[in-house]
Amino acid sequence: MIASWGLVGGDGVIGALERALAADRLPPAMLLTGPAHVGKGTLALALARALNCQDEPRPCGECRSCRRIARGQHADVEVVAPGGICRVSDHDHSRSHTIGICAVRRMEAAAAMQPYEGCRRVYIIDPADALTDEAENAFLKTLEEPPPAVTFLLVTERPARLHDTVRSRCQEWTLPPLPVADLAAWLATERGVDAETATVLARLADGRVGWAITALDEGDPLEVRRTQAEEVGRILASSCADRLTYAQSLAGRGGAEPVNALNALDHWIAWWRDLLRVVTGAADRITHQNLIAQLRDDAKRYRPADVVRFLHTLVETREHLRRGVNPRLALEAMLLQTPPAEGSAYDS
């Protein structure tokens, strides 16, 4: 299950990349897509190692170049992401959720130079959908006439947000999640998780190995999910004032970045999707199989139309947060639209 590049899964994609690499047919710009936490960023770094590896088979993972890339120390491999200080204007972008034109201009200037210590310069733009319109338009000129010995790897879970002109100049590779059974088997074999927990965790992760690993590292994933489900129920049954207080506390947990708010939204979306499945008679497809009793109890108190409407609200709120909208305002607006359950303080 562990592919030759050290990734869990992705064998088909990696096999195709290996063949293209061996034939020297990799394009100068590639778009790596797939769900969040499926391993796109890991694949991008593995590809950067393969392009600069000094041994065989590529990437060997042991040569000086592979080790330096893994440590983030290679002079010719750079991850371009939101935030940081613009080296041209010294402007502070640390609170930014976008990749602006100054980052693209700096990248283009560096890409025009010959590799310093490797075979190719590799720029990993992650997430590529964080590029502003201005930055995308500027980057398009580079994609039309890419410098020699440079590879651009654009990583995103939302390729539709990129301009069609940018996408058309990139070769797109999609990294799929693992089948749930395969991920459960890997968790049991490689991480020592008991079979029942591994199955539940793989289902919660929707086959995304990165999500599962993070959940394990944070503690008991099933207990965490149980606590999160209790929090959802508590907030749904609370008053309007209590919901606003919850929004304020959640928005403040992540500091400048809405990381905790986004994580909470992911849990809410997963819960309400399961609630919709139970309401519509598809309980066999739910993610939270270990919490089926609570879901069935909650399903009795909501109409399908209300659940669908609130699911749309949750997804829209997540998108607002990703675009840099004020977390507190976005969460307050969302929580004021929760459908009231029978007997809740908000309903009264």
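**Figure 1. Packing of H7 against H9 in the predicted model.** Helix H7 (residues 180–190) and helix H9 approach until their axes are within 11 Å, crossing at roughly 40°. H7 is therefore oblique to H9, since an angle of this kind falls outside the range under 35 degrees that counts as roughly parallel. The crossing of H7 past H9 is right-handed. On the H7 side, Leu183, Trp186 and Leu187 make the contact, and on the H9 side Val209, Ala212, Ile213 and Leu216 do so. Sorted by class, the residues of this contact comprise seven nonpolar, no polar and no charged.

**Figure 2. Packing of H8 against H9.** The axes of helix H8 (residues 195–205) and helix H9 (residues 209–217) come within 8 Å, with a crossing angle of roughly 125°. H8 is therefore oblique to H9. The handedness of the crossing between H8 and H9 is right-handed. H8 contributes Leu201, Leu204 and Ala205 to the contact, while H9 contributes Trp211, Ala212, Ala215 and Leu216. The contact of H8 with H9 consists of seven nonpolar residues, with no polar and no charged ones. Ala212 and Leu216 of H9 take part here and also appear in the contact with H7.

**Figure 3. Packing of H1 against H2.** Helix H1 (residues 11–22) and helix H2 pack at an angle of about 25°, and their axes lie 12 Å apart. H1 is therefore roughly parallel to H2. H1 passes H2 with a right-handed crossing. The contact involves Val13, Ile14, Leu17 and Leu21 from H1, together with Leu43, Ala50 and Leu51 from H2. In the contact of H1 with H2 there are seven nonpolar residues, no polar and no charged.

**Figure 4. The open parallel sheet.** Five strands make up an open sheet with parallel pairing, and their order is S2-S3-S4-S1-S5. Strand S2 (77–80) and strand S5 (171–174) are the edge strands, each pairing on one side only. From one strand to the next the twist averages 20°. Helix H4 (residues 101–111) packs on the sheet and touches S2, strand S3 (121–125) and S4. The direction of H4 makes about 165° with that of S3.

**Figure 5. Pairing of S1 with S4.** Strand S1 (residues 29–33) and strand S4 (residues 150–156) run parallel and are joined by five bridges. Within this pairing, methionine 30 has leucine 153 of S4 as its bridge partner. In the strand order of the sheet, S4 has S3 on one side and S1 on the other. S1 in turn is followed by S5, which is an edge strand.

**Figure 6. The salt bridge between aspartate 129 and arginine 158.** The closest N and O atoms of aspartate 129 and arginine 158 are 2.6 Å apart. The two residues are 29 residues apart and link distant parts of the chain. Aspartate 129 sits in the loop between S3 and helix H5 (133–144), whereas arginine 158 sits in the loop between S4 and helix H6 (164–167). The structure as a whole holds 20 salt bridges.

**Figure 7. Two cis peptide bonds that precede proline.** Glutamate 56 and proline 57 are joined by a cis peptide bond with omega about -10°. Proline 57 is located in the loop between helix H2 (40–52) and helix H3 (64–70). Aspartate 126 and proline 127 are likewise joined by a cis peptide bond, with omega about 0°. Proline 127 belongs to the loop between S3 and H5, and that loop also holds aspartate 129 of the salt bridge with arginine 158.

**Figure 8. Backbone of alanine 149.** Alanine 149 has a phi near 55°, which is a positive value in a residue other than glycine. Alanine 149 lies in the loop between H5 and S4. Strand S4 begins at residue 150.

Notes. Residues are numbered from 1 along each chain as its sequence is written. This is a predicted model: local features need pLDDT of at least 70, side-chain atom pairs count only at pLDDT 80 or more; totals for chains, interfaces and linings use all residues. Side-chain values use heavy atoms; hydrogens and water are left out. Axes are lines fitted to C-alpha atoms, for helices over the stretch in contact, and angles run from 0 to 180 degrees between N-to-C directions. Helices (H or I, at least four residues) and strands (E, at least two) are DSSP runs, numbered from the N terminus. Angles under 35 degrees count as roughly parallel, over 145 as roughly antiparallel, 65 to 115 as roughly perpendicular and the rest as oblique. A crossing is left-handed if the near helix is turned anticlockwise from the far one by less than a right angle, and right-handed if clockwise. Contact means heavy atoms within 4.5 Å. Ala, Val, Leu, Ile, Met, Phe, Trp, Tyr, Cys and Pro count as nonpolar, Asp, Glu, Lys and Arg as charged, and the others, Gly among them, as polar. Two strands pair if DSSP finds at least two bridges between them. A salt bridge is a side-chain nitrogen of Lys or Arg within 4 Å of a carboxyl oxygen of Asp or Glu.
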